[in-house]
Amino acid sequence: MNSIDTHTLSELEDPTLIDVREVVEYISGHAPVAVNLPLSELVARVAEVPRGDTVYLICESGGRSAQAAEWLAAQGIDAVNVIGGTSAWRAAGLPLATEGN
């Protein structure tokens, strides 16, 4: 499985970043460019995942996003797991957005 650290991700220009945490987790703080698509809904909503671009997956610590990245890769999508997830993003002092920001 492909992976990326939060610092390298933060330097990418306009990455497609999907936060697979549940909505309540997402609204408490997420990477500003992240779109929420909970892991629990991923299979049913897979058509919403862009094809043709690299898709980066993030959760709180990297476990759920690793599962999502593996599953999406099996569907033919170029999926990359964010190591350490939002916890690592937060620890690195990178900006967080809350719902409405």
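V24 is exposed, with 60% relative accessible area. The model is predicted. V24 sits in helix 2, which covers residues 23-27. Together with V23 and I27, V24 makes a nonpolar patch on the surface. The three residues share about 250 Å² of accessible area.

**The sheet**

Five strands form an open sheet with parallel pairing. Their order is 1-5-4-2-3. Which strands stand at the edges? They are strand 1 (2-4) and strand 3 (35-36). Each has a single partner strand, so one side of each lacks a neighbour in the sheet. Strands of a sheet pair through backbone hydrogen bonds, in a parallel or an antiparallel sense. Strand 2 pairs with strand 3 in the parallel sense, over two bridges. In that region, I18 stands opposite V35 of strand 3.

Helix 3 spans residues 63-74. Helix 3 lies across strand 4 (55-58) and strand 5 (79-82). The angle between helix 3 and strand 5 is about 170 degrees.

**Buried and exposed positions**

Four residues with their accessibility:

| Residue | Relative accessible area | State |
|---|---|---|
| V24 | 60% | exposed |
| D14 | 70% | exposed |
| D19 | 0% | buried |
| G85 | 0% | buried |

D14 belongs to the loop between helix 1 (6-10) and strand 2 (16-19). What is the sign of phi at D14? Phi is positive, near 55 degrees, and D14 is not glycine. Most residues other than glycine have a negative phi.

D19 lies in strand 2. Is D19 buried or exposed? D19 counts as buried because its relative accessibility is 0%, and the cut-off for buried is under 20%. Beyond its neighbours within four places in sequence, D19 contacts Y26, H30, A34, V35, N36, L37, P38, I58, C59 and T86. Among these contacts is V35, the residue that I18 faces.

G85 is part of helix 4, residues 85-91. G85 is buried, at 0% relative accessible area. Which residues does G85 touch, leaving out those up to four places away in sequence? They are T6, I58, C59, E60, S61 and G62. I58 and C59 also appear among the contacts of D19. G85 and V20 are 65 residues apart in sequence, yet their C-alpha atoms are 10 Å apart in space.

Key
Residues numbered from 1 in each chain as written. Predicted model: local features only at pLDDT ≥ 70, side-chain atom pairs only at ≥ 80, totals over all residues. Heavy atoms only, no water. Patch = residues over 30% accessible without salt bridge, like charges linked within 9 Å, V, L, I, M, F, W, Y side chains within 5 Å. Areas by Shrake-Rupley, 256 points an atom, 1.4 Å probe, with all protein chains shown as cover. Salt bridge = Lys/Arg side-chain N within 4 Å of Asp/Glu carboxyl O. Helix = DSSP H or I, 4+ residues; strand = E, 2+ residues; numbered from the N terminus. Buried < 20%, exposed > 50% of the residue type's maximum accessible area, 1.4 Å probe, protein only. Pairing = 2+ DSSP bridges. Contact = heavy atoms within 4.5 Å. Axes fitted to C-alpha atoms, helices over the stretch in contact; angles between N-to-C directions.
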